[in-house]
Amino acid sequence: MVDTERPEPLSGSGDPPRDLLLDVKDLSVEFDTGHGPLRAVDGISLQIRTGERLGIVGESGSGKSVAARAVMGLLPRTARTTGQIDFAGTELLGLDPNQRRTLLGADVSMVFQDPMTALNPVVRVGRQISEGLRFHGSNDRQAVREATLEMMRRVGIPDAEARLRAYPFEMSGGMRQRICIAAALICGPRLLIADEPTTALDVTIQRQILDVLTDMGRGGMSMLLITHNLGVAASRTDRVAVMYSGRVVETAPTADLFRTPRHPYTVGLMRSMPRLADAPHTRLVAIPGRQVRSAGPTQGCRFADRCASAQPKCLRIEPDLTTDDSSPDHAYACFFPRGTAHGEAALASNRAAGTTAAGLSVPEEEVSS
Ligand SMILES: Nc1ncnc2c1ncn2[C@@H]1O[C@H](COP(=O)(O)OP(=O)(O)O)[C@@H](O)[C@H]1O
Ligand SMILES: [Mg+2]
């Protein structure tokens, strides 16, 4: 089930402020595996402005979490990270973890998919929520307690007083995620990174948690929201980056992306997702094949073997992100983008031939846009 509300503007008045808070340039992360180095993230660039909500979407394994952890400085020591991560004018890459923690201080925090593993099972939740305050030097016990209760109420935890002394196992999954969000927000971060914050929760709770995050965003907090759920991205972000196999393959203002997706992968993701707004018998079309992570250097477009539009050029050359005249803010890494004359011609010729340059068979009745 998917959340398909329309995007709501933050604060209700026009564009978000234009000042850049997070500026990630050419970020790569490599791990050593038994089969040689694996580039989990391969040269991505992302920008988040103050008050802006950026969504990262993509299938499992595309590098979303690794990218987020690189920003937070939470990768294992064996990861090799290159590029630039500028937060509010400070370069974070190259700082050791302690320096980074001090520098980021309370400014950036993160919420994870599974609230149970993020919480300490033997520490009372009140203490876990207030940890950030104490870590950053608040010693006034009464003030810490007040701030903790206030934050619990803001994230919708009923009976806050009584629950201060509860343990995580005494609470439902939705309440536990609220505890995690309260802990992440108590120091008033300028940027919240939420990595699939609602994936483990049922639909009603999912919506409530997203509402809490949306409310918090109204105070000017920026957010990086990672989700594989396009409906969530559509209704809760201002801008979206689509990742595939370690790369950003398309990025645009959210409404733009959903109105005119250009990359065949983005189109495929949209077709493979159920939407509440769809007619009851709308057929869902899975993207053929699966994302394959090769250890060695790759040639051509990484999506070519799964792409109904693939041409010989796509097998030779890896496309870079480019924009066209129709929207300078909408970039895609594809030589034959959907909804353009030459992109549709490429698809039509593959359909007529019944196959693509990569040998994928293209059934004639499939995908009509
Ligand atoms: N610590 C690690 N060591 C080796 N490989 C990793 C590690 N963390 C993630 N990866 C690999 O990096 C790729 C991207 O993972 P991830 O960012 O978790 O994907 P996503 O969050 O998009 O589902 C995957 O192929 C994953 O197996
Ligand atoms: Mg992930």
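This passage describes the surroundings of ligand 1, a covered strand and a group of aromatic rings in a predicted model.

The shell around ligand 1 holds 13 residues, of which Gly61, Gly63, Lys64, Ser65 and Val66 come nearest. By class, this shell consists of five nonpolar, five polar and three charged residues. Two elements, strand 2 (36-49) and helix 1 (64-72), each contribute at least two residues to the shell around ligand 1. The greatest contribution is that of helix 1, which supplies three residues.

Polar contacts to oxygen atoms of ligand 1 were found for Lys64, Ser65 and Val66. In the case of Lys64, a side-chain N or O atom lies 2.8 Å from an oxygen atom of the ligand. The side chain of Ser65 likewise places an N or O atom 2.8 Å from an oxygen atom of ligand 1. For Val66 the contact is made by the backbone, with an N or O atom 2.9 Å from a ligand oxygen. Ligand 1 taken alone exposes 560 Å², and the protein buries 65% of that area.

Strand 3 (residues 53-57) is mostly covered, with five of its five residues buried. In a regular strand, side chains point alternately to the two faces of the sheet. On one side of strand 3 are Arg53, Gly55 and Val57, and on the other are Leu54 and Ile56; both faces are covered, and all of these residues are buried.

Strand 3 has pairing partners in strand 8 and strand 9. With strand 8 (residues 222-226), strand 3 pairs in the parallel sense over four bridges. Within this pairing, Gly55 has Leu225 of strand 8 as its bridge partner. Strand 9 (residues 239-244) also runs parallel to strand 3, and four bridges join the two. Here Val57 is placed opposite Val242 of strand 9.

Four aromatic pairs were found in a search of the whole structure. In one of them, the ring centres of Tyr244 and Tyr265 are 4.5 Å apart and the planes meet at 55°, so the pair is classed as tilted. Tyr244 belongs to strand 9 and Tyr265 to helix 11 (residues 264-271), so this pair ties together parts 21 residues apart in sequence. Tyr244 has a relative accessibility of 2% and therefore counts as buried, and Tyr265, at 0%, is also buried.

A further pair is formed by Tyr265 and Phe303, whose ring centres are 5.2 Å apart. The planes of Tyr265 and Phe303 stand at 65°, so this pair is edge-to-face, the cut-off for that class being over 60 degrees. Phe303 lies in the loop between helix 11 and helix 12 (312-316), whereas Tyr265 lies in helix 11, so the parts tied together are 38 residues apart in sequence. Phe303 has a relative accessible area of 3% and is buried. Through these ring pairs, Tyr244, Tyr265 and Phe303 are linked into a cluster.

Notes:
Residues are numbered from 1 along each chain as its sequence is written. Chains are lettered from A and ligands numbered from 1 in the order in which they are written. This is a predicted model: local features need pLDDT of at least 70, side-chain atom pairs count only at pLDDT 80 or more; totals for chains, interfaces and linings use all residues. Side-chain values use heavy atoms; hydrogens and water are left out. A residue is near a molecule or strand if one of its heavy atoms lies within 4 Å of it. A polar contact is a pair of N or O atoms within 3.5 Å; within protein, one must be able to donate a hydrogen and the other to accept it, and residues adjacent in sequence count only if both atoms are side-chain atoms. Accessible areas come from the Shrake-Rupley method with a 1.4 Å probe; for residues, only the protein chains shown count as cover. Ala, Val, Leu, Ile, Met, Phe, Trp, Tyr, Cys and Pro count as nonpolar, Asp, Glu, Lys and Arg as charged, and the others, Gly among them, as polar. Buried means under 20% relative accessible area, exposed over 50%, partly exposed in between (1.4 Å probe, protein chains only). Two strands pair if DSSP finds at least two bridges between them. Rings of Phe, Tyr and Trp (its six-membered ring) pair if their centres lie within 6.5 Å; planes under 30 degrees apart count as stacked, over 60 as edge-to-face and the rest as tilted.
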